[in-house]
Structures are given as structure tokens and as C-alpha cells.
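Colleague: I'm new to reading models like this one, so please show me the structure and let me quiz you about it.

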Amino acid sequence: MDNIEEDIRALQLDSSGEDSNMVTNENGGEHQESIALDKLEEDLRNESQTDSHMEEDANPHTGHSDPQAAIAVKEQATSAPEPVDDEKNKKRHLNVVFIGHVDAGKSTIGGQILYLSGQVDERTIQKYEKEAKDKSRESWYMAYIMDTNEEERAKGKTVEVGRAHFETETTRFTILDAPGHKSYVPNMIMGASQADIGVLVISARKGEFETGYERGGQTREHVQLAKTLGVTKLLVVVNKMDDPTVNWSKERYDEIESKMVPFLKSSGYNVKKDIQFLPISGLFGTNMQTRMDKKVCPWFNGQCLFEALDVIEVPLRDPTAPFRMPIIDKFKDMGTVVMGKVESGSIREGNNLLIMPNKVQVKVLALFMDEDRVRSAGPGENLRVRVSGIEEEDILSGFVLSSIEKPIPVVHEFIAQLQILELLENAIFTAGYKAILHIHSVVEECEIIELMHQLDPKTRKPMKKKVLFVKNGAAVICRIQVTNMICIEKFTDFQQLGRFTLRSEGKTVAIGKVTDLQSTILDVMLCD
């Protein structure tokens with residue numbers, strides 16, 4: 001077990017800096033499931049001189065994960081006239097994903113943020129209170145702000161990735177409320193892949209923290225997936241501190257923190273630099289917009305949630321890099337409109353761009369940021385882009401709006417470095433193994449065509465012995481083939497378009513990074 005822990009620690013996604021040794025958790029240090037490609041990233045950096053394009057921001061989710069937002073978008077886009085808001089992009093913009101186990105209170109916190117920031121009025125709150133009371137769900141009324149469809153309200157569980165917007169003095173935020181239930185992990189992946197920072201919500205209520213944290217709980221899987229998908233900063237909010245079983249107990253808060261810190265370290269986070277803990281009550285808004293009264297919690301002296309979000313630092317993004325916007329949804333509205341998050345570069349009205357992989361040239365007619373029309377936008381922005389030159393039915397989620405001068409590569413096969421987490425029982429990871437690939441807004445069936453090399457866990461170099469199959473915890477270089485042509489990048493060129501997960505039967509079995517592209521396929525695609 002010690003060897004496995006060392007192997008996985010050596011492969012963490014991002015160096016955790018202070019942590020030269022693996023820290024085991026109280027469950028016996030079973031870190032086969034830890035996110036584990038840290039050393040791998042350093043190796044890849046050394047192979048490439050194109051680090052200037054590397055980004056730490058997150059990816060869009062699939063277009064079908066937010067139908068309510070799409071409907072609202074259509075309604076807003078059809079209203080005329082369309083004034084141009086040039087002030088919109090002067091503030092920095094961050095996507096915040098709320099992750100954590102089911103019933104931890106993610107939607108309630110999101111709803112409370114919107115209420116406290118003035119995005120929802122008192123009358124609307126009263127309507128939701130009555131609706132929740134009529135369904136004998138009095139404590140769910142704040143969650144109704146984020147959970148907009150009937151399935152979510154009936155179950156009290158977020159199914160889709162809810163979206164909402166609020167602003168502070170320095171930052172515009174888009175809230176991504178990801179599902180906590182294990183059945184909706186693919187939706188959570190799409191939410192986290194679009195995020196810049198994460199808010200991990202943990203319930204302090206007796207029994208609820210333990211359920212989410214134990215093996216198989218979504219707290220653990222969400223943390224690992226968030227790290228894999230590029231969420232480098234986490235605010236860990238210990239919610240429901242007002243619950244009668246907790247009553248703002250310092251002992252309970254310290255117990256949760258002491259169990260989470262080793263696990264966060266083992267998942268690749270630098271706890272001193274990338275993690276911040278704070279206690280809150282999402283239902284009552286305590287310690288969210290303003291710091292709480294000492295009478296409520298005399299032992300806590302830290303920031304409130306709004307303060308912590310406002311000052312959090314994320315890596316700078318390059319507005320001059322080649323333009324890349326993975327498409328998460330599309331619809332018709334006075335032409336064809338595509339939605340997505342700008343992963344690199346900048347865009348202006350009048351630009352000529354390519355939609356890949358079908359290589360169709362389009363012209364940008366209009367840009368919309370949140371509810372406002374703008375003339376230009378840079379990396380990190382969530383946009384709706386009205387284009388001419390292509391029909392809506394010819395676009396699929398996972399296509400990429402790309403610069404003409406340097407279009408995004410299109411492949412049918414690629415080489416990747418994989419970290420095996422935990423395979424399904426009786427499954428063998430060998431040539432012929434099939435799984436579902438999640439990479440930016442692409443969800444595609446894939447097959448392992450060839451295991452090329454297994455990596456020595458100590459030297460990180462390929463082993464000479466021919467490898468036929470690998471087990472849990474192994475790192476391997478392999479060739480992967482997808483069913484349809486997809487748009488991806490080498491990880492060393494664009495991090496967010498080159499990192500991925502493999503899932504099988506509802507379980508994350510491996511994580512990886514694209515190390516090489518099949519140039520012959522690229523040449524054929526781009527020279528047709």
C-alpha cells in the first residue's frame with residue numbers, strides 16, 4: 001500500500017508544494033482513488049516550449065445540461081433593441097462551481113447568495129416559501145431559486161447544472177450549482193469543467209458529513225474530479241452550523257477540517273495556498289455576505305463567504321492566444337447562436353472564425369455576455385455568439401469556435417498519459433477496453449487501441465517490459481481512439497482542452513492528459 005501511495009502522490013495533477021510526503025487519511029490511506037497526475041504535468045511542461053498558452057481556467061459543460069438557462073437566453077436575446085454594454089467586461093469574471101454530497105445545501109447557498117446580492121426580491125422569496133411549505137419542504141425554499149425544474153423541486157436534488165449571476169465590487173460571478181447525487185456525476189463533471197474556482201459544501205449535521213466523506217460518498221469523488229478538471233482553488237464551506245446537532249460547535253468544525261485536510265492534500269491541493277475553510281449557515285445566510293456576530297460564533301475570526309470569493313486569486317489568462325470556445329449549446333434566434341466559455345484568446349463583432357471539426361467559416365454578428373450585448377470579450381467569459389454562415393442543425397455540443405489562423409486540431413486517435421484510479425470489479429485495463437471520454441464539452445465513446453508503455457513509479461520513465469494490461473494505481477502511456485472526430489489540444493499547449501476523464505458504468509476509472517496528436521489525421525482534416 002505504501003508503494004501505491006507514493007506512486008499516486010508522484011502523479012498528482014498540480015504540485016501541492018508543501019507536501020513532499022503522502023498524508024494518509026483516517027480510512028487507512030486508500031489513495032488508489034486519489035487524483036494523481038502532478039509529476040506528469042511537470043514532465044509534459046519540459047517537453048514543450050508553448051507554456052505561454054497554458055491556462056488554469058475551466059471548461060464548459062454540455063449544452064443539454066442547462067435547458068432552463070437556454071430558454072431564458074433565447075427570451076433575452078430576442079428582446080429588441082440590443083444596447084451595447086462596454087462596461088461589462090471591465091470587471092474580472094469568474095465561474096464558481098458549488099460541489100459536494102447530495103443534501104449538503106449547495107442550492108440553498110446559491111439561492112441565498114442571489115437573495116443577499118439583490119438578484120432576487122422579497123416577493124419572489126415569499127412565493128418560494130409558500131411553495132415549499134405547501135410541499136412540506138419548508139427548509140428548501142432558498143434552493144428553489146437555483147433548482148428551477150419540477151424534478152429538482154420534487155426530489156430536493158439538483159439534476160441539471162443551475163446557472164445564475166451576481167456581482168461584487170471587483171468581480172462578476174457566474175454560479176454553477178452542480179448535482180451532488182452520484183447518478184448525476186456526468187452533469188457535475190460538465191459544471192466543474194467550466195469553473196475557475198470551486199466551493200466545496202460540507203454538511204456539519206451529525207451523520208451527513210460522514211455519509212458524504214466515506215468511501216463511495218460524493219464529497220470524495222467531487223474533490224478528485226474538480227482537481228482533475230482544473231479547479232485549482234477551493235473554498236470549503238462547512239454548512240448547517242446552525243443545526244441543533246451542531247449549534248456552531250468548534251469541536252465539530254475542527255473534526256471536519258482535520259479529516260478533510262489530509263484528503264485534500266492527497267488529491268493534489270496545496271492546503272495552505274489553495275484551500276480556505278469557513279463555517280456558514282446557508283439557510284439563514286450567516287457568515288455569507290457579512291461577518292457573523294461574535295455572539296453567534298465567538299471562536300471564528302476569518303472572512304465571510306463574499307469576502308473570500310472577492311479576493312481569491314486565479315491564474316492570468318492570455319487574451320492574445322489563438323481563439324478557442326468549446327460549444328456547449330446552440331439555438332436559432334435571428335440567426336444561429338452558439339454558447340460556450342472562451343478558453344483562450346479574444347473575440348470581437350465582425351471577426352471571421354472557424355467552427356471545427358467541420359471547418360465551416362462563420363462571421364460574428366453579435367456577442368452577448370450574461371444578459372447584455374457587448375462588442376468584444378476575452379478569456380474566461382461565458383458568451384452567446386450569433387454567427388452567420390452555418391445552420392444551427394449542423395452544430396453539435398463539443399464543436400469548437402476557433403481562430404482561422406491557428407485552428408484547433410481535429411483527431412480520431414491520440415496519445416495520452418493515463419492514471420488508473422479504480423476499475424470496475426473484474427475489469428481489465430488492456431487493449432480493447434472501452435469507456436466514455438469527457439474532455440471539455442465533448443462526451444464521446446472511446447477505446448484503448450494500444451498500451452504503449454507503463455511508467456516506472458519512481459523514475460516516471462517508460463519501462464522496457466512490454467505491457468499487456470495494468471491494474472489500479474498504474475500510470476500508462478496509451479493510444480486512444482474515439483468514435484467520431486473530436487477537437488482537442490495537447491495538454492502542454494492548452495491545459496483545459498487537453499485534460500480528460502474516463503468513466504465506465506457511472507464510475508470514474510481513470511484521468512489523463514493528451515500528450516500527442518495524430519498528425520496524419522490532422523493534415524488530412526485541415527488540408528481537405
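Modeller: Start with pLDDT, which is the predictor's confidence in each residue, from 0 to 100. This is a predicted model: local features need pLDDT of at least 70, side-chain atom pairs count only at pLDDT 80 or more, and totals for chains, interfaces and linings use all residues. Residues are numbered from 1 along each chain as its sequence is written, and side-chain values use heavy atoms, with hydrogens and water left out.

Colleague: What is the mean pLDDT of the chain?

Modeller: In this chain, 71% of the residues reach 70 or more. The mean pLDDT comes to 76.

Colleague: Over which residues is the pLDDT below 50, with 229 contacts beyond near neighbours in sequence?

Modeller: A contact means heavy atoms within 4.5 Å. One stretch with pLDDT under 50 is residues 147-162, with 58 contacts beyond four places in sequence. The one you want, with 229 contacts beyond near neighbours and pLDDT below 50, is residues 1-81.

Colleague: What share of the 528 residues counts as buried?

Modeller: Buried means under 20% relative accessible area, exposed means over 50%, and partly exposed is in between (1.4 Å probe, protein chains only). For the 528 residues of this chain, the buried share is 61%.

Colleague: Which helix gives the largest share of the largest nonpolar core?

Modeller: A nonpolar core is a set of buried Ala, Val, Leu, Ile, Met, Phe, Trp, Tyr and Cys residues joined through side-chain atoms within 4.5 Å. The largest one here has 58 residues, and I109, I113, M260, L264, L305 and L309 have the most contacts inside it. Helices (H or I, at least four residues) and strands (E, at least two) are DSSP runs, numbered from the N terminus. Six residues of this core, its largest share, come from residues 250-266, which are helix 11.

Colleague: How many residues are in the second, separate core?

Modeller: In the first core, L309 is in contact with residues including R92, F166 and L235, leaving aside neighbours within four places in sequence. The second core is separate and includes L418, V442, C478 and I488. Its residue count is 30.

Colleague: How far away is the nearest cysteine sulfur to C478?

Modeller: A disulfide is a pair of cysteine sulfur atoms within 2.5 Å, and a search of the whole structure finds zero of them. C478 is buried, with a relative accessible area of 0%. The nearest cysteine sulfur belongs to C446, and its distance from that of C478 is 8.8 Å.

Colleague: Are the rings of F209 and Y213 stacked or tilted?

Modeller: Rings of Phe, Tyr and Trp (its six-membered ring) pair if their centres lie within 6.5 Å; planes under 30 degrees apart count as stacked, over 60 as edge-to-face and the rest as tilted. F209 and Y213 sit four residues apart in helix 9 (residues 208-213), about one turn of the helix. Both are buried. Their ring centres are 5.5 Å apart and their planes are at 15°, so the pair is stacked.

Colleague: And the rings of F429 and Y433: stacked or tilted?

Modeller: F429 and Y433 are both buried. Their ring centres are 4.9 Å apart with the planes at 40°, so this pair is tilted.

Colleague: Why is helix 4 largely enclosed by the rest of the structure?

Modeller: Helix 4 covers residues 106-116, and just after it G118 takes a positive phi of about 80°. Its buried residues include K106, I109 and I113. The helix is largely enclosed because, of its 11 residues, the number buried is nine.

Colleague: Is T290 buried or exposed?

Modeller: T290 lies in the loop between strand 6 (275-279) and helix 13 (305-311). T290 and L116 are 174 residues apart in sequence and 9.8 Å apart in space, C-alpha to C-alpha. With 54% relative accessibility, T290 counts as exposed.

Colleague: In strand 23, which residue is the bridge partner of A416?

Modeller: Strand 16 (residues 410-420) has 10 of its 11 residues buried, so it is largely enclosed by the rest of the structure. Two strands pair if DSSP finds at least two bridges between them; strand 16 is joined to antiparallel strand 21 (residues 475-487) by nine bridges. Strand 16 also pairs with strand 23 (residues 507-517), in the antiparallel sense, over seven bridges. In strand 23, the bridge partner of A416 is V514.
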